[in-house]
Number of protein chains: 2
Amino acid sequence: MEQTQFSSDFRLGILGGGQLGKMLLYTTRKWDILTYVMDKDDTAPAFQGCDVYFEGDITDYEAVMEFGSQVDVLTIEIENVNVQALEELEKQGIAVSPNARVLNLIKNKAVQKQFYQNYKIPTAPFKVLANPDETEVLEFPFVWKSAEGGYDGKGVKVIRKAEDLKDLPQSQCIYEEMVDFDLELAVIVARNARGEMRTYPVVEMEFHPEANQVEYVLCPARINLDISDRARKLALKVSEAYNHVGLLAVEMFLTKSGELLVNEVAPRPHNSGHYSLEGAVTDQFEQHVRCVCNFPLGSTESTMASVMVNLVGEEGHTGPVVYEGIEDIMTMPGVTPHVYGKKETRPFRKMGHVTVVAQDIIEARKIAEKVKSSIKVVAAE
Amino acid sequence: MEQTQFSSDFRLGILGGGQLGKMLLYTTRKWDILTYVMDKDDTAPAFQGCDVYFEGDITDYEAVMEFGSQVDVLTIEIENVNVQALEELEKQGIAVSPNARVLNLIKNKAVQKQFYQNYKIPTAPFKVLANPDETEVLEFPFVWKSAEGGYDGKGVKVIRKAEDLKDLPQSQCIYEEMVDFDLELAVIVARNARGEMRTYPVVEMEFHPEANQVEYVLCPARINLDISDRARKLALKVSEAYNHVGLLAVEMFLTKSGELLVNEVAPRPHNSGHYSLEGAVTDQFEQHVRCVCNFPLGSTESTMASVMVNLVGEEGHTGPVVYEGIEDIMTMPGVTPHVYGKKETRPFRKMGHVTVVAQDIIEARKIAEKVKSSIKVVAAE
């Protein structure tokens with residue numbers, strides 16, 4: 001039979017059971033795809049709703065081999081997985097997307113930056129160091145980034161004077177020139193194994209000034225058509241260079257002089273695409289499943305203008321989570337809250353998001369601000 | 001704490017684990033609501049993705065009592081439940097929606113029709129009989145309807161001559177005058193316990209000529225604004241008469257003389273609202289959860305024009321299901337298949353649906369026809 005992915009014995013595996021894995025399950029349930037999820041945390045949000053869950057460490061070779069050998073297609077929801085096992089599973093005939101080659105080119109930021117250089121993809125000037133070094137600095141201020149393990153604003157620090165380099169982890173890192181930018185943009189590219197490619201509209205990310213986390217994502221970005229065209233072309237160039245299967249979220253800076261510089265990429269569903277659950281014809285999670293299962297791609301067009309608001313844990317709150325004000329925001333037009341199902345909140349932990357859809361982006365952005373001031377993620381007293 | 005529905009110990013129960021229950025889970029997962037599902041079939045689609053499943057007969061008093069006493073809010077996905085148990089559970093403080101009173105007014109078609117008469121809600125002329133009776137017929141042709149247990153075109157028959165009444169079940173039924181109609185329309189009304197009410201746009205149902213099942217649902221219906229206004233007002237009148245909590249799908253005929261006659265209602269998510277998963281700001285399943293949990297209502301507006309195509313089992317096919325051509329329809333713009341997860345197909349069994357969204361209804365309807373001719377639900381060889 002040809003349509004193996006829709007047959008009852010086809011199995012999809014997901015490494016990681018966080019919120020991205022959980023939202024991938026919306027599609028696997030919709031299509032009744034037998035889905036396996038692996039995570040070491042027995043309260044992982046994606047354990048609820050998968051067919052088979054597997055408690056195990058996704059960074060462990062043996063565990064990933066055991067899990068991966070049970071499925072037909074294997075994907076990830078976080079880059080921090082055992083890549084050696086993925087390489088071996090691919091040799092054994094499992095369709096692994098993104099594969100080991102792509103992950104190796106992405107998960108280490110030094111390698112990622114050098115890859116951009118090799119492919120003449122514009123990116124901020126940088127140098128690679130084995131350890132933070134106070135004698136080899138760039139012009140202040142510059143940005144220190146840990147080569148491995150950075151996530152959600154961790155592993156990144158603005159260095160204003162040599163002393164700021166003290167107390168940083170003694171491990172490989174990059175120093176990057178500070179980019180004088182107007183906006184941070186992102187473009188998600190979808191690509192399946194038969195090489196079909198589509199880009200989602202350019203989105204604009206507004207960051208929280210302190211936590212270095214995205215506070216709002218606006219789709220479409222408030223930019224002109226020329227910039228939008230260039231951003232989508234640049235994202236396609238990056239995607240072609242990686243030759244990945246699955247989604248690739250390409251984050252970029254729009255500099256004050258109008259240049260686009262690639263900041264970093266993620267080979268999976270991405271926070272900058274969450275708006276698509278309500279705002280696009282084919283949401284990014286369905287699109288990722290389409291890609292990795294080698295289905296035809298869905299439309300990346302928007303149905304309405306939308307703004308996504310991240311819900312992160314309030315500062316000073318650690319403990320069982322409460323979404324204060326969630327009913328208030330549900331009275332606002334076009335507002336859909338998403339609760340990730342993590343039981344404990346911590347300062348700045350991603351606990352959910354809210355999508356606002358409206359006829360135009362100005363209106364959506366206004367409502368998003370009301371949402372932001374009405375809801376708080378706190379710990380139960 | 002006020003927001004009990006978003007606290008971790010709030011429990012929602014659903015009687016019935018079919019496709020409607022399964023699609024309600026999209027929302028309870030999105031909001032991390034602890035969800036219990038009861039069904040006697042251990043392969044019920046909604047057992048996958050709920051938190052607690054309970055194998056039991058939803059028509060059995062003891063079983064429903066045991067299940068219902070474990071939850072805070074109880075709802076249904078099919079009317080054929082033990083109503084006596086619901087009445088008792090309500091007395092014990094469980095929030096049951098729709099409640100026993102509403103279900104008693106709806107699940108028996110004779111009672112339902114008499115209710116319309118009492119509330120001066122226009123409906124086709126009818127009479128009630130204890131058994132099919134060949135001596136007391138209406139003018140031929142007319143419609144026989146079983147008072148209880150009819151579903152998906154079963155329990156309904158056009159009577160062209162007295163002999164057609166032979167071999168019908170010996171149980172309560174109604175004879176209804178045949179309505180000379182132009183279109184069949186439906187309006188879904190959402191109502192929460194604080195009395196907020198909203199109607200979805202009027203949809204148009206196109207029926208399969210033989211199986212008496214809906215083949216396409218079009219949103220918006222191809223009618224003028226006057227008819228649309230009258231249909232929404234009539235649906236609101238029906239909703240107010242029932243004083244229900246949850247969704248109420250109101251099916252009606254538009255007669256050749258322009259009159260609207262209520263055909264029947266369903267107090268739950270309904271096939272005529274499936275389009276809303278892709279075509280509305282707030283889909284009907286989220287809206288039903290909002291209603292029964294007494295949250296504020298979401299927007300019932302459409303994001304795009306949409307047509308829903310029902311996927312039913314092909315005639316002559318019984319056995320393990322295969323969705324032939326599903327990949328072909330996935331290449332069409334704005335097309336989203338839904339697979340219900342029933343393992344066995346049978347002739348005319350509802351096995352899934354497909355939503356088509358487009359800029360206008362004419363375009364969506366064209367694509368829907370292509371979908372219909374490209375996909376077949378058959379049994380594996």
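Start by selecting A:Lys30 and A:Glu286: both residues are buried. Keep in mind as you click around that this is a predicted model. Show the two side chains as sticks and you'll see that they meet in a salt bridge, 2.6 Å from N to O. Now colour by secondary structure. A:Lys30 sits in helix 1 of chain A, while A:Glu286 belongs to helix 8 (residues 284–292), so to follow this link you jump between distant parts of the chain, 256 residues apart.

Next, pick A:Glu264 and A:Lys109. This is another salt bridge, with the closest N and O atoms 3.7 Å apart. A:Glu264 is in strand 15 (residues 260–266) of chain A and A:Lys109 is in helix 5 (residues 109–118) of chain A, so the pair ties together parts that lie 155 residues apart in sequence. Are the two partners buried or partly exposed? A:Glu264 is partly exposed, at 22% relative accessible area, whereas A:Lys109 counts as buried at 12%.

For a third pair, go to A:Lys161 and A:Asp164, whose closest N and O atoms are 3.1 Å apart in a salt bridge. Here A:Lys161 is partly exposed, with a relative accessible area of 42%, and A:Asp164 is buried at 14%. Then select A:Glu204, A:Glu206, A:Arg222, A:Arg365 and A:Glu369 together: salt bridges with shared partners join them into one network. Over all chains, the structure holds 40 salt bridges.

Back to helix 1 of chain A (residues 19–30), where you'll find A:Gln19. What does A:Gln19 touch, leaving aside its neighbours within four places in sequence? Its contacts are A:Pro45, A:Glu77, A:Tyr340, A:Lys342 and A:Lys350. A:Gln19 is buried too, with a relative accessible area of 11%.

Time to zoom out. Colour chain A by its domain assignment: domain 1 covers 4–96, domain 2 covers 125–177 and domain 3 covers 181–379. Taken over C-alpha atoms, the centres of domain 2 and domain 3 of chain A are 27 Å apart.

Finally, bring chain B into view. A turn of 180° with a shift of 0.0 Å along the axis lays chain B on chain A, with an RMSD of 0.0 Å. That is how a two-fold axis relates its copies. To find the axis on screen, select B:Gly49: in chain B, its C-alpha is the nearest to the axis, at 1.8 Å. Last stop, the interface: 100% of the interface residues of chain B are also interface residues in chain A, so the copies meet through the same surface.

How values were computed:
Residues numbered from 1 in each chain as written. Chains lettered and ligands numbered in written order. Predicted model: local features only at pLDDT ≥ 70, side-chain atom pairs only at ≥ 80, totals over all residues. Heavy atoms only, no water. Domains from an automatic or database assignment. Least-squares fit on C-alpha atoms with pLDDT ≥ 70 in both. Contact = heavy atoms within 4.5 Å. Helix = DSSP H or I, 4+ residues; strand = E, 2+ residues; numbered from the N terminus. Buried < 20%, exposed > 50% of the residue type's maximum accessible area, 1.4 Å probe, protein only. Salt bridge = Lys/Arg side-chain N within 4 Å of Asp/Glu carboxyl O.
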